[in-house]
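Colleague: I am new to this structure and should be grateful for a guided introduction. May I put my questions to you one by one?

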Amino acid sequence: MTRPAATAEPPTIGPDDARAALHRLRAEVGKAVVGQDSVVTGLVIALLCRGHVLLEGVPGVAKTLLIRTVATALDLDSKRVQFTPDLMPGDVTGSLIFDPHTAAFTFREGPVFTNLLLADEINRTPPKTQSALLEVMEERQVSVEGARRPLPDPFIVAATQNPVEYEGTYPLPEAQLDRFLLKLTVPLPNREEELGVLRAHHAGFDPRDLAAAGVRPVATAADLAAARAAVGRVHVADPLLGYLVDLCRATRNTPALELGASPRGSTALLNTAKAWAWLAGRDHVVPDDVKAVARPTLRHRLRLRPEVELEGVGVDSVLDAVLATVPTPR
């Protein structure tokens with residue numbers, strides 16, 4: 001009697017291998033995107049924490065290219081939605097379509113059924129469509145006619161905003177901004193970086209053809225899953241937990257702010273600090289990890305008082321003052 005062949009189990013990915021894969025990811029993205037290392041790191045942290053990202057930067061700083069390159073290097077699916085005033089919720093989530101051949105309605109998946117969704121200029125679409133996307137971000141599923149359709153895993157949204165153009169926009173309210181794990185500022189490149197961009201284009205670089213640029217998958221969803229499990233095991237001492245709470249409570253009592261960080265903000269800060277510590281090769285969080293991620297994790301959760309904003313003070317400056325005044329645990 002012939003026994004059936006044993007099914008080989010996939011090799012277990014250790015935390016060191018997963019960390020090395022994500023470091024390769026950051027290097028691979030650099031083949032196509034120049035001078036955005038901090039933004040790439042922020043996207044990696046969002047993937048590790050199962051969080052969503054708000055990208056803010058002027059047009060032409062490679063936000064779309066960045067998302068496509070990260071998806072390619074991770075061997076994940078990505079889609080892009082250009083948000084416009086006439087975009088409907090069904091255009092994002094999907095809708096029921098009547099099939100005359102079967103005389104029945106079938107569900108046609110929307111662009112949210114992907115791994116990395118670029119929601120381009122999210123503040124250009126009305127609140128009804130914004131809310132539909134944000135509900136999907138929170139629930140990670142689409143419900144139509146009582147049927148729940150889960151989204152792929154991993155799934156994160158990278159939503160972009162133009163910081164210099166407000167005409168015809170619908171700014172996200174604070175309750176919806178709070179749903180984003182990070183707000184990353186995509187800066188303009190410095191002179192050397194911009195010179196590198198021009199040299200690449202002069203040599204024939206085509207942002208629509210990443211394969212020709214040499215971008216290859218260097219990590220997988222399995223690496224990401226192993227990394228997430230390792231981040232979950234990162235230790236946070238009780239004094240550090242108190243430090244996180246004190247930072248967020250300080251934002252609620254700062255005279256320059258009329259809205260401070262919510263408890264969701266302190267939870268987000270905990271998760272991003274653990275991811276930062278793990279990427280740095282540690283199995284525990286130190287105060288510098290918290291300080292490194294405090295600005296992108298909290299800046300969009302705070303609202304300046306109008307008189308302070310008129311004086312030209314920025315949210316990051318207020319956060320710097322909070323970080324400087326709250327005692328750091330030893």
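**Local geometry and domain contact**

Colleague: Just after helix 7, which residue takes a positive phi of about 110 degrees?

Modeller: This is a predicted model, in which local features need pLDDT of at least 70 and side-chain atom pairs pLDDT 80 or more, while totals for chains, interfaces and linings use all residues. Residues are numbered from 1 along each chain as its sequence is written, and side-chain values use heavy atoms, without hydrogens or water. Helices (H or I, at least four residues) and strands (E, at least two) are DSSP runs numbered from the N terminus. Just after helix 7, the residue with that phi is Gly204.

Colleague: How far apart are the end C-alpha atoms of helix 7?

Modeller: Helix 7 covers residues 191-202, twelve in number. The expected span is 1.5 Å times one less than the number of residues, so helix 7 should span 16 Å. The separation of its end C-alpha atoms agrees with this, at 16 Å.

Colleague: Which peptide bond is cis, with omega near 5 degrees?

Modeller: Most peptide bonds are trans. The cis bond leads into Pro154, a residue of the loop between strand 7 (147-150) and strand 8 (156-161). The bond in question runs from Asp153 to Pro154.

Colleague: Which residue other than glycine has a positive phi near 55 degrees?

Modeller: Most residues other than glycine have a negative phi. The residue sought lies in the loop between helix 2 and strand 1 (53-56). Its name is Arg50.

Colleague: How much area do domain 1 and domain 2 bury between them?

Modeller: An automatic or database assignment gives domain 1 (13-233) and domain 2 (234-329). The contact (heavy atoms within 4.5 Å) takes 25 residues from domain 1 and 22 residues from domain 2. Buried area is the accessible area (1.4 Å probe) that two parts lose on being put together, summed over both. Of this area, 61% is on carbon and sulfur atoms, and the amount buried is about 2,000 Å².

Colleague: Which three residues supply 28% of the area that domain 1 buries against domain 2?

Modeller: No other three residues supply more of that area. One of them, Asp178, also meets Arg264 in a salt bridge at 2.9 Å, N to O. The three are Arg19, Asp178 and Lys183.

Colleague: How many salt bridges are there between domain 1 and domain 2?

Modeller: A salt bridge is a side-chain nitrogen of Lys or Arg within 4 Å of a carboxyl oxygen of Asp or Glu. The pair Asp178 and Arg264 meets in such a bridge. Between domain 1 and domain 2, the count of salt bridges is two.
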